[in-house]
Amino acid sequence: MKIGALAEQSGLTTHTLRYYEKQGLIQASGRSASNYRVYDQEGLETARFIKRSREMGFSLEEVDVFLSIRADKPAHICAEAKMLAENKITEVKEKIEELKQVVVALHKLSDACCGGKESAEFCSIIEALENKALDDIAGDK
């Protein structure tokens, strides 16, 4: 199948597939007589594997490790994949905590603003962002 069909069946764009190919994550199984990239069923399965991995939040570097494990399962142990998953869990939990702090800061910014029809010349949100007074409003100082 050509890259367009691969894109349609995998749910990825042709641009993304070309990028993944440049990164060495996926390979065309060959070239057509017209010199188009041609992908086989393994290419489709790999594209779908990459897509699912990315949807779970894994970086391209982590996906590359998963692909290495997948390509030679007997040479690897489950602990390698589990370690990647556990590290991602920790990362996601840390990001959730950071986002919770951002929500608190945004609420403080929003609460400090009158939200009225007055000129934005005196808007506390714009002022905080312009004057780097965000720490004061957000209470981070």
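Visitor: Is Cys78 buried or exposed?
Guide: This is a predicted model, in which local features need pLDDT of at least 70, side-chain atom pairs count only at pLDDT 80 or more, and totals for chains, interfaces and linings use all residues. Residues are numbered from 1 along each chain as its sequence is written, and side-chain values use heavy atoms, without hydrogens and water. Buried means under 20% relative accessible area, exposed over 50%, and partly exposed in between (1.4 Å probe, protein chains only). Cys78 has a relative accessible area of 70%, so Cys78 is exposed.

Visitor: How many disulfides does the count come to?
Guide: A disulfide is a pair of cysteine sulfur atoms within 2.5 Å. The sulfur of Cys114 has its closest cysteine sulfur in Cys113, at 5.1 Å, which is too far for a bond. By this rule the number of disulfides is zero.

Visitor: Which helix supplies the largest share of the largest nonpolar core?
Guide: A nonpolar core is a set of buried Ala, Val, Leu, Ile, Met, Phe, Trp, Tyr and Cys residues joined through side-chain atoms within 4.5 Å. The largest one has 18 residues, and Ile50 is one of those that touch the most other members. Helices H1 (3–10), H2 (14–22), H3 (41–55) and H4 (60–71), which are DSSP runs (H or I, at least four residues) numbered from the N terminus, each supply at least two residues of this core. The largest share, four residues, comes from H4.

Visitor: In which helix does Leu99 lie?
Guide: Leu99 is partly exposed, with a relative accessible area of 44%. The helix that holds Leu99 spans residues 78–112 and is H5.
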